[in-house]
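Please walk through this structure step by step, beginning with a single residue and ending with the contact between the chains.

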Amino acid sequence: MASFATLFYKELLRFWRVGIQTVGAPVLTALLYLLVFSHALEGRVTVYEGVAYTAFLAPGLVMMSVLQNAFANSSSSLIQSKVTGNLVFVLLAPITYAQFFLAYVLASVMRGLVVGLGVLLVTSGFVELRVQDPLWAFAFALLGSALLGALGLIAGIVAEKFDQIAAFQNFIILPLTFLSGVFYSIHSLPALWQTLSHANPFFYMIDGFRYGFFGVSDVNPAVSLAVVGLSFLVLSAGTLLLLRSGYKLRG
Amino acid sequence: MKPAIEIRDVEKRFGALRALAGVSLAIGEGEFFGLLGPNGAGKTTLISIVAGLTRASAGTVAVMGADVIAEYGRARRMLGVVPQELVFDPFFTVRETLRFQSGYYGIRGNDAWIDEVMHHLDLTAKADANMRALSGGMKRRVLVAQALVHKPPVIVLDEPTAGVDVELRQGLWQFVRRLNRDGHTVVLTTHYLEEAEALCGRIAMLKGGRIVALDSTRNLLDSFSGLLLRLGLESGELPEALAGRVLEREGARVTLRLDNHAELEGVLAGLRQGGVVINEFDLQPPDLEEVFLRLMERP
């Protein structure tokens, strides 16, 4: 237990020590999105009846930040340790692969939640947000960040260089989050893109998270939670198998 | 001799490359053991397998009786490894690094021991310095300290003195010698053969993924190496019979090679019969470098 607690704490301290970069920067980015998009689109786009566009956008940005930062945390921590070689200290120790998995994923969840909370606080200065059902929102933030933390772990295991992580981030994570309905409701899309959006797990995370705020969503939140939960389980099983096999970590 | 490390028929392939081609080796408890060989011989691969950092393609390894795969938790607790590369986590101080390392081994509240280790390694003044701010030699000491936080009975040092200045090297060896005297098993790989000769009771030499020699340092020196006899010639010429022994000749100074001490008498008799008068005499004991070179030159 102490092994897990230590690794978890080390991972927390790692991102907290460079908080300007790991928390401050993404909060600022989200705020810029909010200001720019709301300036351009406020009053011109209505997604849900009685919900201003900026109010619609804010939870989407919160969740996008949660997801992106959860991914960034585990993936960048692992690739850094691999490239600089200091992962050896963890690999030498009697830490089980399940403990390793839990420590990295939980630290990702924490980073995601801290950044999400930061974005929420900052945007609430610009938008009046009502939170209909905070438990739903929290459940999606928790599961979503865990899922992305596991995905980041996989990316960190497979990648050998920093630019491979960047490619993963830019060509997979970023498009999937942007096309998940952060900035729009998928009901406004042509039929083909609506169908495609349903194949994007990020869509369910954003949609379900937003339900917690407005009590309205494109998909029944229970269905979304099931999709996200199942995705998390499948991804976790995959990550655990990778860790157990020692793939790219124990040559 | 109860083995601290038992290596059985270990093979390691990286694709077509056979880094280890069937290595078997038992290192006894309390030994100071040297693992020598040229670059690419498989030393680090073997150590990585012992430490669980790499998995063997075939064969088994046990540390203090614990299999490094099946009982990895117990095996790793028994082992402290000082890696060859100068690696560190730039986010933390020396003390934090050592506390984390203790925690990874499940040890909390380890500060008394951490302080003691830092004291022995002259790290106390740097305890709260960030790892990034340390010199290479200091980082090396932290690596040694990290390997000792959990008081392992078996300590493996992979090229610990590469690129380290003389003073630190001496200090490090003093410290490691004391650990060995206190009962720790020490396994060392090094490029400095004089170090291995001075420190190790037993030595294995690796070449091309195989053990080509495994014996006590004394026996290796006795059985493989010759003696060097340096002479200064006052007058007379070296007899024909001794020409085959000449390794080096510089004016009146010659260096002859002897296979063992017993040959000395014959050589001296030859000189006397040839009417040679000598004004300088120096008999050099065998050294490990000579053994090493002879073994590595063999096909």
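**From one loop residue to the whole model**

P285(B) counts as exposed, because 10 C-beta neighbours lie inside 10 Å of this residue and the limit for an exposed residue is 12 or fewer. The model is a predicted one. P285(B) is placed in the loop that lies between β14 and α10 of chain B. Between the C-alpha atom of P285(B) and that of L123(B) there is a separation of 38 Å, and along the chain the two are 162 residues apart. The two elements on either side of this loop lead into two sheets of chain B, taken here in turn.

The strand before the loop belongs to an open sheet of four strands in chain B, whose order is β12-β13-β11-β14 and whose pairing is antiparallel. Its edge strands, each with pairing on one side only, are β12 (246-250) and β14 (277-284) of chain B. From one strand to the next, the twist averages 20 degrees. Helix α9 (residues 263-273) of chain B packs on this sheet and touches β11, β13 (253-258) and β14 of chain B. The direction of that helix makes about 145 degrees with the direction of β13(B). Within the sheet, seven bridges join strand β11 (residues 227-235) of chain B to β14(B) in the antiparallel sense. One of the bridge partnerships sets L231(B) against F281(B), the latter in β14(B).

The helix after the loop leads to the other sheet. This one is open and has six strands in the order β6-β7-β8-β3-β9-β10 (chain B), with mixed pairing. At its edges are β6 (79-82) and β10 (210-216) of chain B, and each of them pairs on one side only. The twist here averages 15 degrees from one strand to the next. Two helices can be followed on this sheet. Helix α1 (residues 43-51) of chain B packs on it, touching β3, β6, β7 (154-158), β8 (185-189) and β9 of chain B, and makes about 150 degrees with the direction of β7(B). Helix α10 (residues 288-297) of chain B also packs on the sheet, where it touches β3, β9 and β10 of chain B. The direction of α10(B) makes about 35 degrees with that of β9(B).

Two of the strand pairs in the six-stranded sheet can be followed residue by residue. Strand β3 (residues 32-36) of chain B runs parallel to strand β9 (residues 202-207) of chain B, and four bridges pair them. In this pair, I203(B) of β9(B) is the bridge partner of G34(B). At the edge, β6(B) and β7(B) run parallel and are joined by four bridges. There V81(B) stands opposite V156(B) of β7(B). Which residues of β6(B) point one way, and which the other? L79(B) and V81(B) point one way, G80(B) and V82(B) point the other way, and all are buried.

Chain A can be approached through its helix α9, which packs against two other helices of that chain. Helix α3 (residues 53-84) of chain A and helix α9 (residues 201-214) of chain A have axes that come within 9 Å and cross at roughly 130 degrees. That angle makes α3(A) oblique to α9(A). Their crossing is right-handed. On the α3(A) side the contact involves P59(A), G60(A), M63(A) and L67(A), which meet F202(A), M205(A), I206(A), F209(A), R210(A) and F213(A) of α9(A). By class, the residues of this contact are eight nonpolar, one polar and one charged.

The other partner is helix α6 (residues 134-158) of chain A, which packs with α9(A) at an angle of about 155 degrees, the axes being 6 Å apart. The two helices are therefore roughly antiparallel to each other, and the crossing of α6(A) and α9(A) is left-handed. From α6(A) the contact takes P134(A), W136(A), A137(A), F140(A), A141(A) and G144(A), and from α9(A) it takes M205(A), G208(A), F209(A), Y211(A), G212(A) and F213(A). These residues divide into nine nonpolar, three polar and no charged.

Finally, the two chains touch. Here 25 residues of chain B are in contact with 21 residues of chain A. On the side of chain B that touches chain A, the elements giving two or more residues are α2 (72-77) and α3 (94-104) of chain B. That side of chain B has 12 nonpolar, seven polar and six charged residues.

Technical notes
Residues are numbered from 1 along each chain as its sequence is written. Chains are lettered from A and ligands numbered from 1 in the order in which they are written. This is a predicted model: local features need pLDDT of at least 70, side-chain atom pairs count only at pLDDT 80 or more; totals for chains, interfaces and linings use all residues. Axes are lines fitted to C-alpha atoms, for helices over the stretch in contact, and angles run from 0 to 180 degrees between N-to-C directions. Angles under 35 degrees count as roughly parallel, over 145 as roughly antiparallel, 65 to 115 as roughly perpendicular and the rest as oblique. A crossing is left-handed if the near helix is turned anticlockwise from the far one by less than a right angle, and right-handed if clockwise. Two residues are in contact if their C-beta atoms, placed from the backbone, lie within 7 Å. Ala, Val, Leu, Ile, Met, Phe, Trp, Tyr, Cys and Pro count as nonpolar, Asp, Glu, Lys and Arg as charged, and the others, Gly among them, as polar. Two strands pair if DSSP finds at least two bridges between them. A residue is buried if 20 or more other C-beta atoms lie within 10 Å of its own, exposed if 12 or fewer, and partly exposed in between; C-beta atoms are placed from the backbone.
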